[in-house]
Amino acid sequence: MSLANSCVDTIRVLSADMVEKANSGHPGAPMGCAPIAHVLYSDVMNYNPKDPKWANRDRFVLSNGHSCALLYSMLHLTGYDLTIEDLKNFRQFGSRTPGHPENVLTAGVEVSTGPLGQGLTNAVGMAMAEKHLAAVFNTPDFQNIVDHHTFVLCGDGCLQEGVTSEASSLAGHLGLGKLIVCYDDNHITIDGDTDLSFTEDVLKRYESYGWHVQTVADVNDLDAVRTAILNAKAESSKPSIIKIRTVIGHGSSKEGSHGVHGAPLGSTDLKAVKAKFGFNPEESFAVPSAVQAHYNQSVARASAAQIQWEQMFQLYAAQHPKLASDFQRRMRGELPPDEEWVDKLPGNPAEGKAMATRAHSGEVLNALAEALPELVGGSADLAGSNCTNLKCCPKGFQKDNAASRYFHFGVREHAMAGICNGMFAHGGVRPFCATFLNFIGYALGSVRVSALSNMGIIYVMTHDSIGLGEDGPTHQPIEMLDSLRAMPNLNVFRPADRNETKAAYILGMKLQQTPTVISLSRQGTPYIAGSSVEKTAMGGYVVQEHISEGSALPYPTLVLIGTGTELALALKVAQKIYETSTAAGNSVWLRVVSMPCMDLFEEQTLDYKFTILPRGAPVMSIEAASSDAWRRYVHAPFGINNAFGLSAPAEKIYEHFGFGVDNLTARANEVIAFYTPLGEKHPMAHSVMDRPAWPTIAAPHHA
């Protein structure tokens, strides 16, 4: 047996051992794809296990994340910080070898994969980031400062997911020649043979996207695999896909069947596999010394590229110090000092000028783009509506204009979000993306991965309520804010004016491990006296109060909470109740609270929350959306429940759902009356925040 074959078989057996010991996992794909991983890590990729974040490394993405035993085997064999004990703890509590790869947990894992198609989509974003950074930082005398490839291993499932069709179409259009996909063509899905549901000609589809396509008839022909990958590297004007025929569970008695996809081989079959490949059937997690020596040599080759690159970078820094320092800062993920960007953002416009918050967003976003060259992004074919056009980039990112920071994603919401995840994972850029709030539903699979992966993407979501008007219920988000607020590690902002919009962007940039959704209006909203950039960071704060002169009331008669366009309504309701009450000679205390980010408010101390929403005071929220999320803070949430929107001018829709000042005032007075004891003049409401408080329990690495 050749040393190369011994290496491949070691990967197969090591992967099968992991699944067997855990009694859980997917041995089939690792056993089938082992030759691909061997060729990539031995002969092709540049990487350094001692410096896994080296800026110019080649990136490897395991899109079919269920086959992660393959990736963990390679990371161990090539010297990443993953021991044999880690492999033995595969899929166990607290291990660094979880059931699907997690970038926040394991060095050498570029992105979290598992939801099929996400990895390939992320890889498109990585290749876009590489192309952009190369255009920005490479110079005529130093053309290889940014010069690396992104390699993907994916399966039939990834290519069936619609998100990869979206992403692959865009990749072909952009000519991402540094993107190479190895397609594990094993003809098996969980249900059985791919003939059940997947009979298209994949390569013809990708050829129509503008990709370079190749076929390798037998994955065990290592020379053919290597040649195909090198051919793909030589094709610099197109992304490449290589269909490689594999046999799932190679060597097992179940090879070629769906029975080896998602279950351990079993002791008897595993021993037979080991015997067939020349291993001691009674040993587990064994790595022959010759195999380890081979991978040590491979690492020496791969990491030598970093030494050469660093020598080149020293010369580059001497010749181009500003470019070099900016590159290093951006790859470290560091922001400049506040005075270089925060202080340059526009303040609130003059009193009396009503503006849609999407318009505020556009002005803040453009100021950010002028100050922060790492800010990149775009819209899903809605740039004008989302107000995301960047004045600094009148022409968008194209294959011949890669230095541009504005991306035309097309009508591809899901891929847009997944691509932004990939760009963030690559480093050196801070991506934003935009569509209508209702259509973030198309992208939620990728948004969830943003949150789970600690990726500080900024999601600019406009047309955020029934206020968008005539487009009707297909476009009007009702439940979407509730859905987003329920997601862990996601900050959802619904700002009411320029100050709060500005704060949302500042916090979105600074809180780099938490993605941000900024929910913005189509319709105008007035100047808000009392709004605050600084206080927005608390999630909720007091905007205005109306207190009767000489009043000795112990707490507010009513607290009204508003967000976005409804904050102005809350202010009008408070003013009307105050005027009516004082005219009748009654003492009253009306407080109006803005809560632009419920997620940040939830992080505050209970003491702070009670300074904003005092015990005894009834609390009513006003938001033109589903009100379920408000029940943790308010006694009477006024919203839209168990109903979709309708097609009409915005004013008519607001009136229909009861969001007129007169109706809201009547409802607010009902709340006051309900909580005022018989014979008393001031309400007394038990705070809904007075309840048992249990600590949040999270995985240690997601805490």
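Are Tyr206 and Trp211 buried or exposed? Select them to start: both are buried (under 20% relative accessible area, with exposed over 50% and partly exposed in between, for a 1.4 Å probe and protein chains only).

Before moving on, note that this is a predicted model, where local features need pLDDT of at least 70, side-chain atom pairs count only at pLDDT 80 or more, and totals for chains, interfaces and linings use all residues. Residues are numbered from 1 along each chain as its sequence is written, and side-chain values use heavy atoms, leaving out hydrogens and water.

**Aromatic stops**

Across the whole structure, a search finds 22 aromatic pairs (Phe, Tyr or Trp rings, the six-membered one for Trp, with centres within 6.5 Å; planes under 30 degrees apart are stacked, over 60 edge-to-face, the rest tilted). Show Tyr41 and Phe60 next: they pair edge-to-face, 5.7 Å centre to centre with 70 degrees between the planes. Tyr41 belongs to helix H2 (residues 28-44) and Phe60 to strand S1 (residues 59-62), so the pair ties together parts 19 residues apart in sequence (helices, H or I of at least four residues, and strands, E of at least two, are DSSP runs numbered from the N terminus). Both Tyr41 and Phe60 are buried. Back at Tyr206 and Trp211, you will find another edge-to-face pair, at 4.9 Å and 90 degrees.

**Into the core**

Now select Leu179 and Phe409, the residues with the most contacts inside the largest nonpolar core, which has 76 residues (buried Ala, Val, Leu, Ile, Met, Phe, Trp, Tyr and Cys joined through side-chain atoms within 4.5 Å). Helix H5 (residues 118-137) supplies the largest share of this core, ten residues.
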